[in-house]
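This report covers salt bridges and the solvent exposure of the residues that form them.

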Amino acid sequence: MLPCQNASCTLTLSPLLTHGIVVASQLTRTIMQWFMDQLFVDRDRDLQHEYASPLRREDLSGIAPATIINAQHDPLCDHGTLYAQKLRSQGVPVVHTIYGKALHGFFGSQLGESDEAMAEGATALRFAFGLH
């Protein structure tokens with residue numbers, strides 16, 4: 001799972017809204033940059049690569065079908081939506097689900113709709129590997 005589709009963090013992190021009020025998120029640009037520093041040797045160079053930032057890739061046609069799972073209350077939710085739109089616009093089959101009760105990091109956490117998201121991911125993998 002790679003929720004950040006533009007690892008250079010140049011896309012806007014969406015503010016979280018609860019009843020029309022912007023709330024703080026546990027995920028900040030500083031934290032994202034720290035994780036990127038742990039993952040990449042030469043951050044400035046490596047973050048430009050399409051594997052680190054799939055939204056930078058010009059041609060996505062012909063890649064495998066995608067299942068994109070996002071938490072509604074996650075500043076990276078828009079990244080998943082943009083990626084799904086780009087994939088669809090290039091003819092790639094996409095299932096994109098946004099879990100409305102979930103926060104960033106919910107997948108596998110037993111918080112919010114984690115169990116449903118895990119089941120969706122497992123089902124997608126079974127189909128992808130022909131195990132249905």
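## Asp46 and Arg45

In this predicted model, Asp46 and Arg45 are joined through their side chains by a salt bridge, with an N to O distance of 2.6 Å. The two partners fall into separate accessibility classes. Asp46 has a relative accessibility of 15% and is buried, because the cut-off for that class is under 20%. Arg45, at 53%, counts as exposed, because that class begins over 50%. The salt bridge therefore pairs a buried carboxylate residue with an exposed arginine.

## Asp42 and the network

Arg45 also forms a salt bridge with Asp42, and here the closest N and O atoms are 3.9 Å apart. This distance lies within the 4 Å limit that defines a salt bridge. Asp42 is partly exposed, with a relative accessibility of 31%.

Asp42, Arg45 and Asp46 thus belong to one network of salt bridges. Arg45 takes part in the contact with Asp42 and in the contact with Asp46. Across the network, Asp46 is buried, Asp42 is partly exposed and Arg45 is exposed.

## Asp37 and Arg43

Another salt bridge links the side chains of Asp37 and Arg43, with 2.9 Å from N to O. Asp37 is partly exposed at 41% relative accessibility. Arg43 is partly exposed as well, with a relative accessible area of 25%.

## Whole structure

How many salt bridges does a search of the whole structure find? The search returns four, among them the pairs Asp46 and Arg45, Asp42 and Arg45, and Asp37 and Arg43.

Methods. Residues are numbered from 1 along each chain as its sequence is written. This is a predicted model: local features need pLDDT of at least 70, side-chain atom pairs count only at pLDDT 80 or more; totals for chains, interfaces and linings use all residues. Side-chain values use heavy atoms; hydrogens and water are left out. Buried means under 20% relative accessible area, exposed over 50%, partly exposed in between (1.4 Å probe, protein chains only).
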